[in-house]
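Biologist: I am new to this structure and would like a close look at one part of it. Could you walk me through the open and enclosed spaces, and then the rings and buried residues that go with them?

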Amino acid sequence: MRASEQAPVNPVDQDVLLARAYLLRVAEPPAPALVRFVAEHGPVVAAEAVRRGRVPAEVAAETQARREVWRPEQDLQAAAEQGARLLVPEDGAWPYRLFGALGAAAARGVPVAEPLALWVRGELPLAELVERSVAVVGARAATGYGEQVAAELGHGLVERGWSVVSGAAYGIDGAAHRGALAAGGPTVAVLGCALDVGYPAGHQRLLDRIAESGAVVSEYPPGTPPARHRFLARNRLIAALTGGTVVVEAGRRSGARNTAAFARALGRLVMAVPGPVTSAMSVGCHAMLRDQEAILVGDVDQVLETVGRIGLDLVEDREAPRRPTDGLEPQALRVYEALERRGGRSAERVALEAGVPLDRVRALLPALELAGLAERCDEGWRRARPSPRSPRPRVPEGARRSGDRDGGDGGCGGA
């Protein structure tokens with residue numbers, strides 16, 4: 001649904017926009033004390049109190065260094081010039097349901113907080129974009145294997161009606177976004193810097209494409225440069241905006257594992273894709289799986305079975321490869337395995353090799369012939385060589401396992 005088709009949303013008061021724009025600049029996220037102060041007093045009153053320095057000590061600690069920097073009008077204008085807007089909790093497009101987990105976690109003592117507002121590029125309401133969403137994250141120095149898996153996950157999730165959320169970094173993040181875009185979007189990128197900084201530089205075109213069908217999101221006001229602590233802070237938003245997080249590749253210490261830790265703290269599902277045991281880029285995934293911090297997934301079906309609707313997004317059973325000998329009862333299988341592929345054997349020799357009584361062997365060999373598994377030759381009996389295009393043979397009653405009706409699959413070994 002396009003933005004123009006959405007039900008109208010009551011416009012947000014300009015005073016609220018100015019107050020929240022100021023508060024985003026005055027405090028470094030996540031600023032839990034300021035978030036609580038705003039929730040108690042409202043953004044307009046809280047902003048004025050911060051400017052005057054009339055706030056509790058814990059709020060002052062988060063705002064003192066920048067409280068005199070008042071430039072919300074300039075920030076709103078700069079964002080508009082970039083095609084962005086300020087999304088605030090007073091707006092109907094705010095993802096209340098998902099961000100509620102941040103507030104609940106903060107109440108339990110987890111060091112997180114809801115964002116005061118978000119700078120957003122993209123026309124569609126953010127709440128709609130992330131209603132059914134999965135985060136796909138991983139290493140920047142990804143392998144070809146990791147990027148292929150991430151792209152396939154991104155593509156498959158969008159094809160199944162889900163959004164992909166990631167951090168727009170090189171490696172796994174970028175591959176997941178590109179896979180989603182190849183399927184027609186949508187995807188959401190959450191940045192650890194301002195929208196107008198153009199970071200990473202090599203992904204500027206990618207970010208433009210994401211904004212066309214999804215959204216590019218940041219807590220940071222125009223001009224804010226990237227920094228390690230900002231990427232760590234934004235990871236809580238990636239985790240919060242989704243029903244679950246998939247880590248495709250991760251080192252022993254990585255930002256992707258940090259996102260996974262936030263997801264667990266928020267009560268979200270965490271999944272990990274296994275990789276080669278020799279790959280340093282899969283060490284983090286394997287550690288999470290070994291420590292039971294993540295659920296192993298290998299494809300989109302398994303991701304959706306984990307995060308999807310109970311009873312509706314289940315993985316269909318996949319048939320194991322079938323052998324011609326599936327369905328043979330044990331003695332018939334032993335007789336078959338006693339046959340050679342080229343030279344023939346007499347029934348007596350087969351009985352000796354298989355350890356099956358001769359009269360039983362003489363009954364089973366014609367049954368195996370009817371099943372297309374054995375054939376007569378000058379030397380006696382040998383294994384048949386069916387055409388690759390021939391249908392799977394039907395196991396006759398005499399050679400069929402007890403309980404099998406028409407040669408259903410079994411656990412027997414064989415050729």
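Modeller: Happily; what follows goes through the pockets, then the cavities, and then a few side chains. Please keep in mind that this is a predicted model.

Let us begin with the largest pocket, which holds about 340 Å³ of space. Its lining is made up of 17 residues, and those nearest the centre are Arg140, Asn235, Ser254, Gly255 and Ala256. Two elements give two or more residues to this lining: helix H11, covering 228-240, and helix H12, covering 255-265. Of these, H11 gives the most, with six residues. If you sort the lining of the largest pocket by class, you find seven nonpolar, five polar and five charged residues.

Arg140 deserves a second look here. It is among the residues nearest the centre of the largest pocket, and its charged end also sits over the ring of phenylalanine 231, 5.4 Å from the ring's centre.

Now turn to the second largest pocket, with a volume of about 290 Å³. Here 18 residues form the lining, and Val35, Arg36, Val38, Ala39 and Glu114 are the closest to the centre. Helix H2 (32-41) and helix H6 (96-107) are the elements that give two or more residues to the lining of this second pocket. The largest share comes from H2, which supplies five residues. By class, the lining of the second largest pocket has twelve nonpolar residues, two polar ones and four charged ones.

Next come the enclosed spaces. The model has three cavities of 30 Å³ or more. The largest cavity has a volume of about 70 Å³. You can trace its lining through Ala78, Ala79, Gln82, Ala84, Trp119, Ala194, Leu195, Asp196, Tyr220, Pro221 and Pro222. In terms of class, nine of the residues lining the largest cavity are nonpolar, one is polar and one is charged.

The second largest cavity has a volume of about 50 Å³. It is lined by 13 residues, and Pro29, Pro30, Ala31, Leu116 and Glu219 lie nearest its centre. That lining contains nine nonpolar and four charged residues, with no polar residues.

From the spaces we can move to the rings. Across the whole structure there are three aromatic pairs. In one of them, tyrosine 22 and tryptophan 70 meet in a tilted arrangement, with 5.0 Å from centre to centre and 45 degrees between the planes. Tyrosine 22 belongs to helix H1 (residues 14-26), while tryptophan 70 is in the loop between helix H4 (57-63) and helix H5 (72-81), so this pair ties together parts that are 48 residues apart in sequence. The two partners also differ in how they are covered: tyrosine 22 counts as buried because its relative accessibility is 1%, whereas tryptophan 70 is partly exposed, with a relative accessible area of 29%.

Tryptophan 70 has another neighbour to find on your screen. Arginine 51 lies over the face of this tryptophan, at 4.0 Å from the ring centre.

A further aromatic pair joins tryptophan 94 and phenylalanine 99. Their ring centres are 5.2 Å apart and their planes stand at 55 degrees, so this pair is tilted. Tryptophan 94 is buried, with a relative accessible area of 3%, and phenylalanine 99 is buried as well, at 0%.

To finish, here are a few other places to visit. Leucine 124 sits in the loop between strand S2 (118-121) and helix H7 (126-129). With a relative accessible area of 17%, leucine 124 is buried, because buried means under 20%. In sequence, leucine 124 and glycine 214 are 90 residues apart, yet in space their C-alpha atoms are 6.7 Å apart.

The cysteines make a good last stop. Cysteine 193 counts as buried at 1% relative accessibility, and cysteine 285 counts as buried at 0%. A search of the whole structure finds zero disulfides.

Terms used: Residues are numbered from 1 along each chain as its sequence is written. This is a predicted model: local features need pLDDT of at least 70, side-chain atom pairs count only at pLDDT 80 or more; totals for chains, interfaces and linings use all residues. Side-chain values use heavy atoms; hydrogens and water are left out. On a 1 Å grid over the protein atoms alone, a cavity is a set of points where a 1.4 Å probe fits but cannot get out, and a pocket is an open set with protein on both sides within 12 Å along at least five of seven lines; lining residues have an atom within 4 Å of a point. Grid points are joined across faces, edges and corners, and a volume is the space filled by probe spheres set on the points. Helices (H or I, at least four residues) and strands (E, at least two) are DSSP runs, numbered from the N terminus. Ala, Val, Leu, Ile, Met, Phe, Trp, Tyr, Cys and Pro count as nonpolar, Asp, Glu, Lys and Arg as charged, and the others, Gly among them, as polar. A disulfide is a pair of cysteine sulfur atoms within 2.5 Å. Buried means under 20% relative accessible area, exposed over 50%, partly exposed in between (1.4 Å probe, protein chains only). Rings of Phe, Tyr and Trp (its six-membered ring) pair if their centres lie within 6.5 Å; planes under 30 degrees apart count as stacked, over 60 as edge-to-face and the rest as tilted. A charge sits over a ring if NZ of Lys or CZ of Arg is within 6 Å of the ring centre and within 35 degrees of the ring normal.
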